Amino acid sequence: MAYEEQIEKSVTRIFKAVFPNTVNHYDTLFGGTAMHLMDEVAFITATRFTKMRTVTVSSDRIDFKKPIPHGTIIELVGTVVHVGNTSLKVRVDIYVEQMYIEHREHAISGTFTFVAIDENKKPVPIKVPA
């Protein structure tokens, strides 16, 4: 399987409703909640791509471009953007959709780095697809 095909097959999409228990005093999604969801989607994407144990080692710049109000739906999309020897980078984008009208915007983006590990939690090479 070619890298491009493996990347495409590992794209991860998760939808969530933004409920009042996930917002701050401005009635928008907590930044920490967004980062938590992004790391989770990035982990799932990395695992689907490698089919190996992976751990988060860093998050790169995370840009909050639009506030995400409660009462909306968000889509998180994880995509592998770089593969190294033992590590890979996953970009996660969050899109916000209004529930009752046709409106969708790109709200947040960030990149997370993962390392493949063995059962002793030591870095191991990522297997290149055949």
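1. **Nonpolar core.** In this predicted model, the largest nonpolar core holds 29 residues. Within that core, I68 and I74 touch the most other members. Four elements each give two or more residues to the core: α2 (31-50), β3 (72-83), β4 (87-98) and β5 (104-117). The biggest share comes from α2, with seven residues.

2. **Around I74.** What does I74 contact once its neighbours within four places in sequence are set aside? The partners include I14, F15, K16 and V18. L29 and L37 are also in contact with I74. So much for the lower numbers; I68, I94, Y95 and V96 complete the list. I68 is thus named twice here: it is a contact of I74, and with I74 it touches the most other core members.

3. **Burial of β5.** Is strand β5 mostly covered or mostly open? It is mostly covered. Of the 14 residues in β5, eleven are buried. β5 is also among the elements that give two or more residues to the largest core.

4. **β2 with β5.** Strand β2 covers residues 53-64 and runs antiparallel to β5. Nine bridges join the two. On this side, V55 stands opposite V115 of β5.

5. **β4 with β5.** β4 and β5 also run antiparallel, joined by eleven bridges. The two strands form a hairpin, with five residues between them. Here S87 has V115 in β5 as its bridge partner.

6. **V115 as a checkpoint.** Which residue of β5 stands opposite V55? V115 does. V115 is also the bridge partner of S87. A look at V115 therefore takes in both pairings of β5 described above.

Definitions and conventions
Residues are numbered from 1 along each chain as its sequence is written. This is a predicted model: local features need pLDDT of at least 70, side-chain atom pairs count only at pLDDT 80 or more; totals for chains, interfaces and linings use all residues. Side-chain values use heavy atoms; hydrogens and water are left out. A nonpolar core is a set of buried Ala, Val, Leu, Ile, Met, Phe, Trp, Tyr and Cys residues joined through side-chain atoms within 4.5 Å. Buried means under 20% relative accessible area, exposed over 50%, partly exposed in between (1.4 Å probe, protein chains only). Contact means heavy atoms within 4.5 Å. Two strands pair if DSSP finds at least two bridges between them.
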